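User: Hey, I've just been handed this one and I'm new to it. Can we walk through it together?
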Amino acid sequence: MQVLIYTSFGILSVICAIFHILANRTQQEEIVTSNPTFIQFQRKYFLVYFLALAADWLQGPYLYKLYSYYGFIEPQIAVLYVCGFASSVVFGTATGVLADKFGRKKLCIIFSIIYSISCLTKLSRNYGLLILGRVLSGISTSLLFSAFEAWYVHEHIETYDFPTEWLPVTFSKATFWNGILAIVAGIVANLFTGALHLGPVSPFMLAIPFLIASGVLVTIQWKENYGNKKIKLRNSCVEGLRHIVQNRRTMLIGAIQSLFESVMYIFVFIWTPLLDPAGPPLGIVFSCFMVCIMIGSSIFQLLTHWKFAPHTILNISLILGLISMLVCVASTNPRHFSPPASYMSFLLLEFACGMYFPAMGFLRSQLLPEAHRVGIMNWFRLPLNLIACVGLMMLHGDPSQMGERNIFAICTLLMGIAVICGFNFATHAKDDEDLIPSNNVDNKQNQNAVNSLVSV
């Protein structure tokens, strides 16, 4: 198993580099600015944001392994994950409004404090304290993927009065380096846990200095900014629900997102217990997943350059996800249990994610009205998290191998329904020219979605 993983990591890295080069050649010429003020401002944001992202990625590979190391069984660990999901969805609905009212800088500082405390709780074997840590982690995830970006956009437009055309320059760089950080974080986590024999808690302790540095830099270097303090969460959600009910394409996009991403939430939990008995280097496995996402993202750029419609690419990713789940059902058969086959199917699923997230991000950007976007997205998250929580709680009742196979069977059904919704959406979108992107697609939503899935 280790030979397979290290070999696949090397091969996938080469493939990733090749497709990244090819994708960059197809892009329209990137806006280049030599404005020293913009470059300095951009670097100030990157330094803080990348420290926060590095801390977040370090915790990805060994969360389940840590709980297992402490002696908790799969049903107990499932409850811990559900607490993280629930915390994220409950707090995530109000994050944007809180940032607007109380200040983005304050919430970024609170993020570093809360996430550090969450990491410290990993030192304890007390179940109640670990639940608290998961709740804090869910809150932190919501802050990471809302407050930081909101602060940057406000400063870019309102404070410095830079052209809005320069925003994709920052987000494009952030997306690329976010992928690199994820891959490196997996390798570093594997080094500390395996080669240095510091145990599965070490990546969480290593994340704390990054979080502290991020919080200190925000305190010293960033200025406070606010949004619209008059926005009410209740009104936003009511208007969002009305738009979903009245627009069939929006309803279909919401259904696809809830079905596909709920499967991904379940996958984030289940990949470790499936592969861990074979003794793989979990950090390297995690890095392989991230490389596959980068490959998928590059292929999305190539396909859009070749005039593939985003809804077509979305359907391709859904079909690949369905194939992945079908393989998992077969590979988790107790009579023919095959961790290598499960591992390969997981790589296929991550590759599908690399195409899914930018396609879905673009379609949402075109279909969801800006005035109701927050409310609509909150409604999308509700069934997504509900499905994921129900799926994990089913493992609480049946932690056996057959229970895991049953979960994959359910995930196959969910993916199958998502494919049907995808083809239905395509029939309603095939003649809409607004749903055909330019070659230079903004991938910032891809970055945020991938991170949030892994984090919770």
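User: Which helix is Phe423 in?
Analyst: Phe423 is in helix 16, which covers residues 401–429. Keep in mind that this is a predicted model.

User: And is Phe423 buried, exposed or partly exposed?
Analyst: Partly exposed, because its relative accessibility is 44%, and that class lies between under 20% for buried and over 50% for exposed.

User: What does Phe423 form on the surface with Ile319, Ile323 and Val327?
Analyst: Those residues form a nonpolar patch, and together they have about 300 Å² of accessible area.

User: Which helix gives the largest share of that patch?
Analyst: Helix 13, residues 310–331, with 3 residues.

User: OK, zooming out. How many helices and strands are there?
Analyst: The protein has 17 helices and 0 strands.

User: How much of the protein is buried?
Analyst: Buried residues are 57% of the 456 in the protein. As for the surface, about 18,300 Å² is exposed, with 65% of that supplied by carbon and sulfur atoms.

User: What about contacts between residues 24 or more positions apart?
Analyst: Taking the contacts with a separation of 6 or more, 87% are between residues at least 24 positions apart. For a pair far apart along the chain, look at Tyr265 and Leu384: they are 119 residues apart, yet their C-alpha atoms are separated by 8.7 Å.

User: Where does Tyr265 sit, and is it buried or exposed?
Analyst: Tyr265 belongs to helix 11, residues 248–275. Tyr265 counts as buried because its relative accessible area is 8%, and the cut-off is under 20%.

User: Switching topic: how do people describe two packed helices?
Analyst: By the angle between their axes and the distance between those axes.

User: So what are those values for helix 2 and helix 8?
Analyst: The axes of helix 2 (residues 36–58) and helix 8 (residues 167–195) come within 9 Å and cross at roughly 30°. The crossing is right-handed.

User: Which residues make the contact?
Analyst: On helix 2 they include Phe38, Gln42, Tyr45 and Trp57. On helix 8, Val169, Thr170, Lys173 and Trp177 are among them.

User: Tell me about Gln42. Is it buried or exposed?
Analyst: Gln42, in helix 2, is buried because its relative accessible area is just 5%.

User: And what does Gln42 touch?
Analyst: Leaving aside residues up to four places away in sequence, Gln42 touches Val169, Thr170 and Lys173. Those three are listed on the helix 8 side of the contact.

Methods. Residues are numbered from 1 along each chain as its sequence is written. This is a predicted model: local features need pLDDT of at least 70, side-chain atom pairs count only at pLDDT 80 or more; totals for chains, interfaces and linings use all residues. Side-chain values use heavy atoms; hydrogens and water are left out. Patches are made of residues with over 30% relative accessible area and no salt bridge: like charges are joined within 9 Å, nonpolar side chains (Val, Leu, Ile, Met, Phe, Trp, Tyr) within 5 Å. Accessible areas come from the Shrake-Rupley method with a 1.4 Å probe; for residues, only the protein chains shown count as cover. A salt bridge is a side-chain nitrogen of Lys or Arg within 4 Å of a carboxyl oxygen of Asp or Glu. Helices (H or I, at least four residues) and strands (E, at least two) are DSSP runs, numbered from the N terminus. Buried means under 20% relative accessible area, exposed over 50%, partly exposed in between (1.4 Å probe, protein chains only). Axes are lines fitted to C-alpha atoms, for helices over the stretch in contact, and angles run from 0 to 180 degrees between N-to-C directions. A crossing is left-handed if the near helix is turned anticlockwise from the far one by less than a right angle, and right-handed if clockwise. Contact means heavy atoms within 4.5 Å.
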